[in-house]
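User: I'd like a close look at one part of this protein, with the rest brought in where it helps. Here is the model I'm working from.

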Amino acid sequence: MDLEIVLITGMSGSGKSVALHALEDAGFFCVDNLPPELLVPFVALEKEHEATRVAIAMDVRTATSLPLLPEQLAVLKKQGIMVKSLFLDATTGTLVRRYSETRRKHPLSQSASDHSTQDQRRALVDAIELERELLADLRENAHVIDTSIIRPSQLQGYVKSLISTPNDQLTLVFESFAFKRGVPGDADYVFDVRMLPNPHYEPELRHLTGQDAPVAAFLQEQTDVAQMLEHIEKFLNHWLDALARDHRSYVTVAIGCTGGQHRSVYLVEQLVKLFEGKWVTLKRHRELDAL
């Protein structure tokens with residue numbers, strides 16, 4: 001059996017430990033904070049031990065050797081070893097709040113404990129922005145998961161679903177969300193469907209979701225909804241082959257409405273049906289999954 005490797009990188013405080021625990025639950029042998037220069041020899045050792053599933057976390061704690069990582073990944077690729085890379089991200093405001101709640105020190109922070117709260121916050125923000133710069137290339141070449149407003153259980157579910165997809169095929173991720181809670185930072189394409197007729201204003205539909213038959217029946221009767229679905233389908237059909245030729249592993253398409261309950265959920269469900277026969281397809285309902 002081929003060796004399956006998942007590389008977890010991302011911002012400090014974005015949930016890498018949660019992702020590693022999910023992979024450990026899925027049967028992976030997990031290693032945290034492996035120095036990049038040890039990646040190739042470590043993989044060789046695991047192959048000797050006939051390991052089948054390995055997950056490795058790397059982050060800015062090994063900042064001085066991070067520039068070596070792309071070269072190490074290229075060596076593994078030449079050996080025929082595919083590495084699935086996941087990058088966990090979150091907004092700066094979210095990361096500041098998480099560090100404030102845990103009272104942990106950021107790996108790149110140089111602030112002293114006797115500085116004022118305002119100075120410490122400024123130093124933390126500076127450290128986070130420096131970390132973004134250092135990790136920019138890794139983010140560009142990985143599938144990004146925005147953990148800003150999702151629960152640990154959601155993150156675990158997302159990670160487990162992503163590792164179940166083939167390495168050598170493009171995977172389409174359709175995600176519904178609520179604009180009132182922010183646009184997902186991991187989306188490659190965002191479609192705003194707030195102008196469509198809203199089932200929220202139908203008393204008998206308000207408590208239901210876009211996964212329920214009465215809501216689906218209501219939206220199927222709306223000409224604008226059918227046109228929106230057709231336009232998104234045509235757009236993706238036009239560009240997905242080009243994205244696959246560009247060696248993209250994942251494409252995340254986010255559909256947003258006001259509350260992330262009816263219209264965006266319905267459209268994601270319909271898009272999955274349209275594309276699951278052509279591409280590897282996953283779906284997420286950010287607001288519903290949080291319930």
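In what order do the strands of the open sheet of five strands stand, and is their pairing parallel or antiparallel? Please start there, and then tell me how the surroundings fit together.

Analyst: Happy to walk through it with you; please keep in mind that this is a predicted model. The five strands of that open sheet come in the order S2-S3-S1-S4-S5, and their pairing is parallel. At the edges you will find strand S2 (29-32) and strand S5 (143-146), each of which pairs on one side only. From one strand to its neighbour the turn is 20 degrees on average, with direction ignored.

Let's go into the sheet. Strand S1 (residues 4-10) and strand S3 (residues 53-57) run parallel and are joined by five bridges. If you want a spot to check on your screen, take glutamate 4: its bridge partner in S3 is arginine 53.

Now for the helices around these strands. Helix H1 (residues 16-25) lies across S1, S2, S3 and strand S4 (83-89), and runs at about 165 degrees to S1. Helix H2 (residues 39-48) has Leu39, Val40, Phe42, Val43 and Glu46 buried. These residues cover an arc of only 160 degrees around the axis, which means that they sit on the same side of H2. The cover over the buried residues of H2 includes S1, S2, S3 and helix H3 (69-78). After H2 comes glutamate 50, with a positive phi near 60 degrees.

There is another open sheet to set beside this one. Four strands make it up, in the order S7-S8-S6-S9, again with parallel pairing. Strand S7 (189-192) and strand S9 (280-285) are at its edges with a single partner strand each, so one side of each has no neighbour in the sheet. The twist from one strand to the next averages 20 degrees. Inside this sheet, strand S6 (residues 171-178) and strand S8 (residues 250-257) run parallel, joined by eight bridges. Serine 176, for instance, has isoleucine 255 of S8 as its bridge partner.

Two helices deserve your attention here. Helix H8 (residues 223-245) lies across S6, S7 and S8 and runs at about 170 degrees to S7. Helix H9 (residues 263-275) has 13 residues, which at 1.5 Å a residue should span 18 Å; the C-alpha atoms at its ends are 18 Å apart, in agreement. H9 is mostly covered, with eleven of its 13 residues buried. Among them are Arg263, Tyr266, Glu269 and Phe275. The elements covering the buried residues of H9 include S6, helix H7 (213-220), H8, S8, S9 and helix H10 (286-289).

That brings us to the nonpolar cores. In soluble globular proteins, nonpolar side chains tend to be buried together. The largest nonpolar core has 30 residues, and those touching the most other members are Leu172, Phe174, Leu240, Val253, Ile255, Leu267 and Phe275. S6, H7, H8, S8 and H9 each give two or more residues to this core, and H8 gives the most, with seven. Leucine 267 is a good residue to click on: beyond its neighbours within four places in sequence, leucine 267 is in contact with Val193, Leu196, Val225, Met228, Leu229 and Ile255. A second, separate core has 29 residues, including Ile5, Leu39, Phe42 and Val144. Two of those names take you back to where we began, since Leu39 and Phe42 are among the buried residues of H2.

Definitions and conventions: Residues numbered from 1 in each chain as written. Predicted model: local features only at pLDDT ≥ 70, side-chain atom pairs only at ≥ 80, totals over all residues. Heavy atoms only, no water. Pairing = 2+ DSSP bridges. Axes fitted to C-alpha atoms, helices over the stretch in contact; angles between N-to-C directions. Contact = heavy atoms within 4.5 Å. Expected span 1.5 Å × (residues − 1). Buried < 20%, exposed > 50% of the residue type's maximum accessible area, 1.4 Å probe, protein only. Core = buried A, V, L, I, M, F, W, Y, C linked by side-chain atoms within 4.5 Å. Arc of directions from axis to C-beta.
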